Amino acid sequence: MKVSSALRPLPTLALVIGICLSACQGSPPPIGRNLPRGSWDDVSRAFNARVQSRFPIGSSEADMLADLRREQFKTVAHDESVPRYQFSAVRDLPGLPCRLFWTIQWNASENNIVEIAGTHSGICL
C-alpha cells in the first residue's frame, strides 16, 4: 500500500507541535518544584508550608523579595481593597492543559515579615 505524499509530513508536524507545547510550559519556580501530587488543596497546603518554612515570620522582607525576583515572581502592593495582605507575588506558568499559579501573600513591618501565606492553583481546559 502506498502512502500519499500529502500525509507524510503529518508525523513530523505532530512531533514539532509536541516539542513546541512542551517547551512553552517552562518549569516551575524553585520554591514550587517537587510538590507532592494530589488535589489542588493538598498541593496548595504543601506549598504554603514550604513558603512559611523558607520565609518565616520575622525574616527580612528585602531578602525574600530578592529571592522571589530571582525566581521570576511579579510583586504587587495592595490597597485597602485587599483586606488581609499588603503585598503579593505571583509566578504563572502558561501551558496546556493547565496554566499554573504560585502566589505568595504577606504583610511586613519595619522590613520584617509579620504574616505570610502561599497558594498553588491552576486554570485548566
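1. A good place to start is the largest pocket: 15 residues line it, and those nearest its centre are Leu35, Pro36, Val43, Leu100 and His120. Do keep in mind while looking at it that this is a predicted model.

2. The volume of this largest pocket comes to about 360 Å³. Its lining is made up of eight nonpolar, five polar and two charged residues. Two elements, α2 (40–54) and β3 (98–109), each contribute at least two residues to that lining.

3. Stepping back to the whole chain, you will find three helices and four strands. Their order along the sequence is α-α-α-β-β-β-β.

4. On packing, 28% of the 125 residues are buried. If you take the contacts between residues at least 6 apart in sequence, 47% of them join residues at least 24 apart. The accessible surface of the chain is about 8200 Å², and carbon and sulfur atoms account for 58% of that.

5. Please also have a look at the aromatic rings, as the structure holds one aromatic pair. Its members are phenylalanine 87 and tryptophan 106, which are stacked with 5.6 Å from centre to centre and 25° between the planes. The pair links distant parts of the chain, since phenylalanine 87 belongs to strand β2 (residues 87–93) and tryptophan 106 to strand β3, 19 residues apart.

6. One last point on that pair: is each ring's residue buried or partly exposed? Tryptophan 106 has a relative accessible area of 1%, so it counts as buried. Phenylalanine 87 has 24% relative accessibility and therefore counts as partly exposed, as the cut-off for buried is under 20%.

Key:
Residues are numbered from 1 along each chain as its sequence is written. This is a predicted model: local features need pLDDT of at least 70, side-chain atom pairs count only at pLDDT 80 or more; totals for chains, interfaces and linings use all residues. Side-chain values use heavy atoms; hydrogens and water are left out. On a 1 Å grid over the protein atoms alone, a cavity is a set of points where a 1.4 Å probe fits but cannot get out, and a pocket is an open set with protein on both sides within 12 Å along at least five of seven lines; lining residues have an atom within 4 Å of a point. Grid points are joined across faces, edges and corners, and a volume is the space filled by probe spheres set on the points. Ala, Val, Leu, Ile, Met, Phe, Trp, Tyr, Cys and Pro count as nonpolar, Asp, Glu, Lys and Arg as charged, and the others, Gly among them, as polar. Buried means under 20% relative accessible area, exposed over 50%, partly exposed in between (1.4 Å probe, protein chains only). Contact means heavy atoms within 4.5 Å. Accessible areas come from the Shrake-Rupley method with a 1.4 Å probe; for residues, only the protein chains shown count as cover. Rings of Phe, Tyr and Trp (its six-membered ring) pair if their centres lie within 6.5 Å; planes under 30 degrees apart count as stacked, over 60 as edge-to-face and the rest as tilted.
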